[in-house]
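Me: Please take a close look at a single part of this one for me: the contacts between chains. Start with how far the model can be trusted, and bring in whatever else helps.

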Amino acid sequence: MSYLPYAVAIWLLVVGLYGVISSRNLIHMVVCLGVVQSSTYMLLLGVGYRFGAGAPIYYDVPLRTPAVDPVVQALCLTDVVVEATVMAVLLALCVQAHKRFGSLDPERLRPLKG
Amino acid sequence: MTARLRMALFLSSMAVVAAFTGWGAAQLPGFGRYPGPYGDVIDRVGVQQRRATDLVSAVNVDYRAIDTLGEEFILFTAATGVIVLLRAMRDERRRPDEEADPGRERPGTTDLIRAAGLPLATGIGLLGVYVLSHGQLTPGGGFQGGVVVACSPVVVFLAGERITVRRLPPTSALEVAETIGAGGFIAVGLAGLLAGAAFLQNIAPLGSTGSLDSSGTIAIINVVVSVEVAAAFLLIISEFLEQALIVRPTGGRGGG
Amino acid sequence: MGETSGLQVVVYVLIAAAGTAVVLSRELVKVAMMLSFLGLVLAVAFLTFQAPDVSLSEIAVGSLALPLLILLAVSKTRSRQG
């Protein structure tokens, strides 16, 4: 049981990449990329966790209570918000591809010309 | 490359990747047994050094502020990318509001939705302002507060009477707000340089732990970051809404 | 030293199931709903990791902004097909 979060992270990575490879719709492919990104959050936050420790917020607890690692939380925090905007750019690309080629199937896209 | 060949290649290489990643994860010190020194150092030292009780925000905006600067510019660039990609192309025209698409109904909103929308929007806006201004004390900060504040105009838009994009804040004001946010971060960093310390050093007066104006530049940067994040999100959502509801292609390509 | 609590085990299994459901769904509206559910379960998992800041961000972004953008993109691409 002590490696379950890492196993879940690896499973999400594999499943997400399988979704990217076998997808027949560009928007579904972008969502599977989001699943791959979620696996990194699980891994990072799983590394920083410590049994029996609280959150690294000392607003109302005495100063020496054990806490989990705040550095990995800071990394994941900005990553979550930035993920949404990067996926917005990818979705805008999907919309433009649909305008240009008429379909969202990755098999039917051709290289851009002109 | 046929689909079967691609799937076979993928499965074999993914098995190798998963095996190596699993082997690497097994060398980690096990879930829940975090050994490393840096988290403990910041937990011991952070509250006295920066007078901030939320150490995650302190790490984000003070100890590792350069990384947050980079992330904020990713946000800025992504919003710019969405705008560039989704502006009306040459062969599209803006469909006027009165011309209705025959296959799509525009439901009006009932009085109940409109009545529920106003307190919801104000509540969400106030919650967002609370979250972003208390970033150095309790869980919160610029990024979370900005996203929550950005949801409030969307609720107003959803509860509006006609589904038109013109109820959202005008695009030029949002672009100005986003630039103020991104430039403000750099201005705070340069103020550190001008005061003789390092770039993005915490030079403002630190105040006392637990009060709202404590921890120097952390509070200032939280406000600036939240302005930028909210503006970026609203720009992206309004570009998508405009594309989905207003812009129509001239002549259909492939039927329609 | 403690143990991985029952809530944590349940939440991690739910995350794996939600991720699989997102990948295996083929209709786009269902994908958006499953993504919203995945965001919610991830937020609960981040709370069990004692990370309330990350959980706040994940609720706002993963359950709200992302499915909204996906549904808008779907509606735009579907409207062209008449």
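Reply: First, a word on confidence: pLDDT is the predictor's own confidence in each residue, on a scale from 0 to 100. We need that here since this is a predicted model. Take chain B: its mean pLDDT is 78, with 80% of its residues at 70 or more. Helix 1 (residues 3-26) of chain B has the highest confidence in that chain, at 89, while strand 1 (residues 92-94) of chain B has the lowest, at a mean of 56. Then there's the stretch over residues 251-256 of chain B, where pLDDT is below 50 and the model shows six contacts beyond near neighbours in sequence. Where pLDDT is low, the predicted coordinates shouldn't be read in detail.

Now for the contact of chain A with chain B. Chain A puts in 42 residues and chain B 50. On the chain A side, the elements giving two or more residues are helix 1 (4-21), helix 2 (26-47) and helix 3 (70-101). Helix 3 of chain A gives the most, with 17 residues. By type, that side of chain A splits into 30 nonpolar residues, nine polar and three charged.

Stay with helix 1 of chain A for a moment. It has 18 residues, which at 1.5 Å a residue should span 26 Å, and its end C-alpha atoms are indeed 26 Å apart. Its buried residues are P5(A), Y6(A), V8(A), A9(A), I10(A), L12(A), L13(A), V14(A), V15(A), G16(A), L17(A) and G19(A). What covers them includes helix 2 of chain A, along with helix 1 of chain B and helix 1 (6-24) of chain C.

Next, helix 2 of chain A, which also meets chain C. Its axis and that of helix 2 (residues 28-48) of chain C come within 11 Å and cross at roughly 10 degrees. Angles under 35 degrees count as roughly parallel, so these two helices are roughly parallel to each other. From the chain A helix, I27(A), H28(A), V31(A), G34(A), S38(A), Y41(A) and L45(A) take part, and they meet L28(C), V31(C), L35(C), L38(C), L42(C) and F46(C). Count the residue types in this contact and you get ten nonpolar, three polar and no charged.

Past the end of that chain C helix, have a look at Q50(C), in the loop between helix 2 and helix 3 (52-79) of chain C. Its phi is near 60 degrees, a positive value in a residue that isn't glycine. Most residues other than glycine have a negative phi. Q50(C) also counts as buried, because 21 other C-beta atoms lie within 10 Å and the cut-off is 20 or more.

Chain C touches chain B too: 19 residues of chain C are in contact with 20 of chain B. The chain C side of that contact has ten nonpolar residues, six polar and three charged.

As for chain B itself, it has eight helices and two strands, running α-α-α-α-β-α-α-α-α-β along the sequence. Of its 256 residues, 36% are buried. Among its contacts between residues at least 6 apart in sequence, 71% join residues at least 24 apart. One residue to click on is I74(B), in helix 4 (residues 65-86) of chain B. It's partly exposed, with 16 other C-beta atoms within 10 Å.

Definitions and conventions:
Residues numbered from 1 in each chain as written. Chains lettered and ligands numbered in written order. Predicted model: local features only at pLDDT ≥ 70, side-chain atom pairs only at ≥ 80, totals over all residues. Contact = placed C-beta atoms within 7 Å. Helix = DSSP H or I, 4+ residues; strand = E, 2+ residues; numbered from the N terminus. Nonpolar A, V, L, I, M, F, W, Y, C, P; charged D, E, K, R; others polar. Axes fitted to C-alpha atoms, helices over the stretch in contact; angles between N-to-C directions. Parallel < 35°, antiparallel > 145°, perpendicular 65-115°, else oblique. Expected span 1.5 Å × (residues − 1). Buried ≥ 20, exposed ≤ 12 C-beta atoms within 10 Å, placed from the backbone.
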